Amino acid sequence: MSVIEEERVRGGVFKDINAEDEDQQPTVIESLCMNCYENGSTRLLLTKIPFFKEIIISSFTCPHCNWTNTEIQSAGRIQEQGVLYTLQVKTKEDMNREVVKSDSASTRIPQLDFEIPAFTQNGSLSTIEGLLDRAVAGLEQDQPIRKVCVLFVNEVH
């Protein structure tokens with residue numbers, strides 16, 4: 001399918017993100033909670049972020065166990081060339097800056113020698129602080145099991 005045909009097909013489904021557009025409402029579907037296996041609800045919104053790309057924003061909530069999950073998934077083609085954005089964090093308020101991070105983006109903090117490689121997190125709409133919290137949670141996940149594995153490997157050698 002050519003790019004022109006693809007735009008014609010997608011043109012009616014993906015609308016530019018606009019806070020004033022009351023017609024742009026998420027679709028709500030009943031979904032299984034992967035935490036407690038009861039039914040919860042997923043909200044899906046198909047939209048275009050100007051100068052970025054078409055995305056699917058999903059938000060899951062479970063009324064039974066209060067588990068939540070939000071994700072942003074790419075709905076368009078990956079751009080041929082990447083884009084580099086640089087943010088200087090100088091104040092605490094800068095940590096509240098909202099960012100859209102695709103799953104193929106990497107995040108680097110040279111001053112800390114810290115990097116979140118591409119494809120290690122799902123796409124998200126978050127803040128700088130939220131991205132860091134998510135990375136810390138990922139590093140802490142299964143940490144006790146990793147410590148046991150390291151001890152076991154050291155005892156074998």
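## A first look

The accessible surface of the protein adds up to about 12,200 Å², and 53% of that belongs to carbon and sulfur atoms. Keep in mind as you read that this is a predicted model. The protein has 157 residues, and 21% of them count as buried.

Now for the parts list: there are three helices and nine strands. If you walk along the sequence, you meet them in the pattern α-β-β-β-β-β-β-β-β-β-α-α. As for contacts between residues at least 6 apart in sequence, 37% of them join residues at least 24 apart.

## Strands 2 and 3

Let's start with a pair of neighbours. Strand 2 covers residues 27–32 and strand 3 covers residues 39–48; the two run antiparallel, with six bridges joining them. One spot to look for is L32, which stands opposite N39 in strand 3.

Strand 2 and strand 3 make a hairpin with six residues between the strands. Within that hairpin, have a look at Y37, which takes a positive phi near 65 degrees.

## On to strand 4

Strand 3 has another partner to show you. Eight bridges join strand 3 to strand 4, which takes in residues 54–61, and this pair runs antiparallel. Two pairings are handy for finding your way here. L44 has S58 in strand 4 as its bridge partner, while T47 is partnered by I55, also in strand 4.

## Strands 4 and 5, and the turn at N66

Strand 4 goes on to pair with strand 5: the two run antiparallel and are joined by seven bridges. Here the residue to pick out is I57, whose bridge partner in strand 5 is I72.

What links these two strands? The hairpin of strand 4 and strand 5 has six residues between the strands, and N66 is found in that loop, ahead of strand 5 at 68–74. The phi of N66 is near 65 degrees, which is a positive value in a residue other than glycine. N66 is also out in the open, counting as exposed at 62% relative accessibility.

## One aromatic pair

How many aromatic pairs does the count come to? Just one. The partners are F60 and W67, and their arrangement is tilted: the rings are 5.8 Å apart centre to centre, with 55 degrees between the planes. Those two values are quoted because a pair of aromatic rings is described by the distance of the centres and the angle of the planes.

The two partners sit in unlike surroundings, as their accessibilities show. F60 counts as buried, at 8% relative accessibility, whereas W67 counts as partly exposed, at 33%.

## Cysteines without disulfides

If you go hunting for disulfides, a search of the whole structure turns up zero. Why is C33 not bonded to C65? The sulfur of C65 is the closest cysteine sulfur to that of C33, but it is 3.7 Å away, so it is too far for a bond. For a disulfide, the two sulfur atoms would have to be within 2.5 Å.

C62 tells a similar tale: it is in no disulfide, and the nearest cysteine sulfur, that of C36, is 3.6 Å away. Are C33 and C62 buried or exposed? C33 is buried, with a relative accessible area of 0%. C62 is buried too, with a relative accessible area of 4%.

## Further along the chain

Later in the sequence, a loop runs between strand 7 (107–109) and strand 8 (114–116), and D113 lies in it. Although D113 is not a glycine, it has a positive phi of about 50 degrees. D113 counts as exposed, at 75% relative accessibility.

The loop after that, between strand 8 and strand 9 (124–127), is the place of A118. A118 is partly exposed, with a relative accessible area of 29%. Which residues does A118 touch, leaving aside its neighbours within four places in sequence? A118 is in contact with D103, S104, A105 and S106. Take D103: it is 15 residues from A118 along the chain, and the C-alpha atoms of the two are separated by 6.3 Å.

Methods
Residues are numbered from 1 along each chain as its sequence is written. This is a predicted model: local features need pLDDT of at least 70, side-chain atom pairs count only at pLDDT 80 or more; totals for chains, interfaces and linings use all residues. Side-chain values use heavy atoms; hydrogens and water are left out. Helices (H or I, at least four residues) and strands (E, at least two) are DSSP runs, numbered from the N terminus. Buried means under 20% relative accessible area, exposed over 50%, partly exposed in between (1.4 Å probe, protein chains only). Contact means heavy atoms within 4.5 Å. Accessible areas come from the Shrake-Rupley method with a 1.4 Å probe; for residues, only the protein chains shown count as cover. Two strands pair if DSSP finds at least two bridges between them. Rings of Phe, Tyr and Trp (its six-membered ring) pair if their centres lie within 6.5 Å; planes under 30 degrees apart count as stacked, over 60 as edge-to-face and the rest as tilted.
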